[in-house]
Amino acid sequence: MDFNLTEEQELLRDGLAKFLSVRYDLDKSRAAAKTGVGWQPDIWRGFATELGILGATLPEDVGGIGGGPVELMIIAEQLGQALVVEPYVDTVVVAGGLLHRAGGPLARALLEKISDGKAVVALAAAEPASGDRWQDVSTTAEPDGDGWVLSGRKLMVVGAPLATHLLVTAGTPNANGLSLFVTEVDASGIEVHPYRTIDDRRAADIAFDKVRLGPEALLGEPGQAWSSLSRARDEGAAAICAEAVGCMRKVLADTVEYSKQRQQFGQPIGSFQVLQHRMVDMHMELEQSVAAVYLAILKLDEDEAIRARAVSAAKATIGRAARFIGQQAVQLHGGMGMTEELAIGHYFKRLTAIQYEFGTTDQHIARYAELTQA
């Protein structure tokens with residue numbers, strides 16, 4: 001199997017890496033996350049107008065480039081290496097995939113805005129009683145004339161405080177399954193309770209109190225959204241696995257460089273064999289993660305069972321590697337590894353959070369075992 005990138009894919013990778021190295025300052029990004037609006041809108045516009053990465057994996061008929069899973073992997077890895085907090089995965093990968101598969105005039109118009117950098121979309125799926133089980137919903141959408149009335153609560157909606165639109169899962173009468181609706185985030189009856197997560201992203205708990213929606217707000221057929229949601233969940237998991245690879249590359253490189261500079265007993269700590277062995281173990285975990293991500297990315301367009309097994313294998317592998325590499329990096333940096341002044345601490349928090357997004361490590365191990373037995 002050929003894992004070499006095409007010339008166009010190499011240009012995408014190198015162009016994005018250069019943009020981030022010049023324009024994306026970690027200190028400025030953390031300041032925006034902690035004390036500002038939570039992100040850098042000018043960077044988001046640059047992603048759209050200067051790089052075109054917001055449309056790189058979207059269809060050409062909505063202003064995208066029509067790229068596939070490999071382009072997704074390239075972009076996510078570079079964003080991870082720069083520790084970008086802007087909601088690329090939530091808006092482009094998860095919401096973009098759902099809108100594309102749903103079709104219709106409203107979905108098409110929203111995809112065009114995403115590609116142009118004029119819309120940020122967040123998926124509201126988790127609930128107080130169901131947690132990470134997206135299938136279990138108590139949020140309801142009742143018919144109201146030719147429209148709908150949406151009521152319920154959603155938890156941990158990543159990117160919601162930055163969003164212009166929400167995709168909301170709900171149950172509908174006479175439909176044995178999930179339905180998916182789109183609404184503007186500032187619609188009457190929507191109450192957003194924002195907060196900052198441990199990895200400096202923005203999320204929110206949201207209450208929907210009899211939110212009136214038009215008939216066009218329903219995406220696809222009533223009760224038929226789970227198949228698309230399941231795929232979006234796997235696509236999001238694969239994307240953050242690629243992001244984790246970028247994070248781990250940076251963490252390992254910084255740790256090796258630090259070990260060459262930090263002096264102990266009159267010599268660099270990198271000269272101590274026991275520490276060399278630990279860094280080799282970190283490298284081995286990274287290489288296993290790269291292989292697992294390649295498999296997951298290349299299987300995204302396969303049948304559901306094949307896709308799910310590859311994604312769960314990658315998520316489980318990444319979960320173990322992220323924990324090991326993050327902890328080793330902090331320990332090798334000593335106490336200063338957890339300070340705000342060093343990048344290592346910020347990367348460690350992001351790697352920790354990734355272990356719980358789109359399903360925990362344990363959940364994916366269990367799903368992999370179930371699919372393998374089946």
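When I say that two residues touch, I mean that heavy atoms of the two lie within 4.5 Å of each other. With that in mind, and remembering throughout that what we have in front of us is a predicted model, let me start with a single residue, A48.

A48 sits in helix α3, and if we set aside the residues up to four places away in sequence, A48 touches L54, S115, D116 and G117. Is A48 buried or exposed? Its relative accessible area is 14%, and since buried means under 20%, A48 counts as buried. One further distance may help you to place A48: between its C-alpha and that of L20 there are 14 Å in space, while the two residues are 28 apart in sequence.

L20 takes us to helix α1, where it is one of the residues that meet helix α4. Helix α1 covers residues 7-23 and helix α4 covers residues 69-81, and their axes come within 10 Å of each other, crossing at roughly 20°. Because angles under 35 degrees count as roughly parallel, α1 is described as roughly parallel to α4. The crossing in which α1 passes α4 is right-handed. On the α1 side the residues that take part are Q9, L12, R13, L16, A17 and L20, and on the α4 side they meet V70, E71, I74, I75, Q78 and L79. Sorted by class, this contact holds eight nonpolar residues, together with two polar and two charged ones.

Let me set beside this a second pair of helices, α8 and α9. Here helix α8, residues 273-298, and α9 have axes that come within 9 Å and cross at roughly 155°. Angles over 145 degrees count as roughly antiparallel, and therefore α8 is roughly antiparallel to α9. In this case α8 passes α9 in a left-handed crossing, and the residues of the contact divide into 17 nonpolar, five polar and four charged.

While we are at α9, which runs over residues 304-333, please look at H333, which belongs to that helix. Leaving out its neighbours within four places in sequence, H333 is in contact with D254, T255, Y258, L342 and I344. With a relative accessibility of 6%, H333 counts as buried.

Now to the aromatic residues. A pair of aromatic rings is described by the distance of the centres and the angle of the planes. How many aromatic pairs does a search of the whole structure find? The search finds five, and I will go through two of them. For F19 and F47, the ring centres are 5.9 Å apart and the planes stand at 50°, so this pair is tilted. Since F19 lies in helix α1 and F47 in helix α3, residues 41-51, the pair ties together parts that are 28 residues apart in sequence. F19 is buried, at a relative accessible area of 8%, and F47 is buried as well, at 0%. These two residues also belong, with W39 and W44, to one aromatic cluster.

The other pair I would like to show is W148 with F181, whose centres are 5.4 Å apart and whose planes make an angle of 70°, which is an edge-to-face arrangement. This pair, too, links distant parts of the chain, with W148 in strand β3, residues 147-158, and F181 in strand β5, residues 178-184, 33 residues apart. W148 counts as buried at 13% relative accessibility, and F181 counts as buried at 0%.

Finally, a word about the backbone. Most residues other than glycine have a negative phi. Which way does L83 go, positive or negative? L83 is not a glycine, and yet its phi is positive, at about 60°. This residue lies in the loop between α4 and α5, and with a relative accessible area of 2% it is buried. K210, also not a glycine, has a positive phi of about 50°. K210, however, lies in strand β7, residues 202-213, and because exposed means over 50% relative accessible area, K210 counts as exposed at 60%.

Key: Residues numbered from 1 in each chain as written. Predicted model: local features only at pLDDT ≥ 70, side-chain atom pairs only at ≥ 80, totals over all residues. Heavy atoms only, no water. Axes fitted to C-alpha atoms, helices over the stretch in contact; angles between N-to-C directions. Helix = DSSP H or I, 4+ residues; strand = E, 2+ residues; numbered from the N terminus. Parallel < 35°, antiparallel > 145°, perpendicular 65-115°, else oblique. Left-handed = near helix turned anticlockwise from the far one by under 90°. Nonpolar A, V, L, I, M, F, W, Y, C, P; charged D, E, K, R; others polar. Phe/Tyr/Trp six-rings, centres within 6.5 Å; stacked < 30°, edge-to-face > 60°. Buried < 20%, exposed > 50% of the residue type's maximum accessible area, 1.4 Å probe, protein only.
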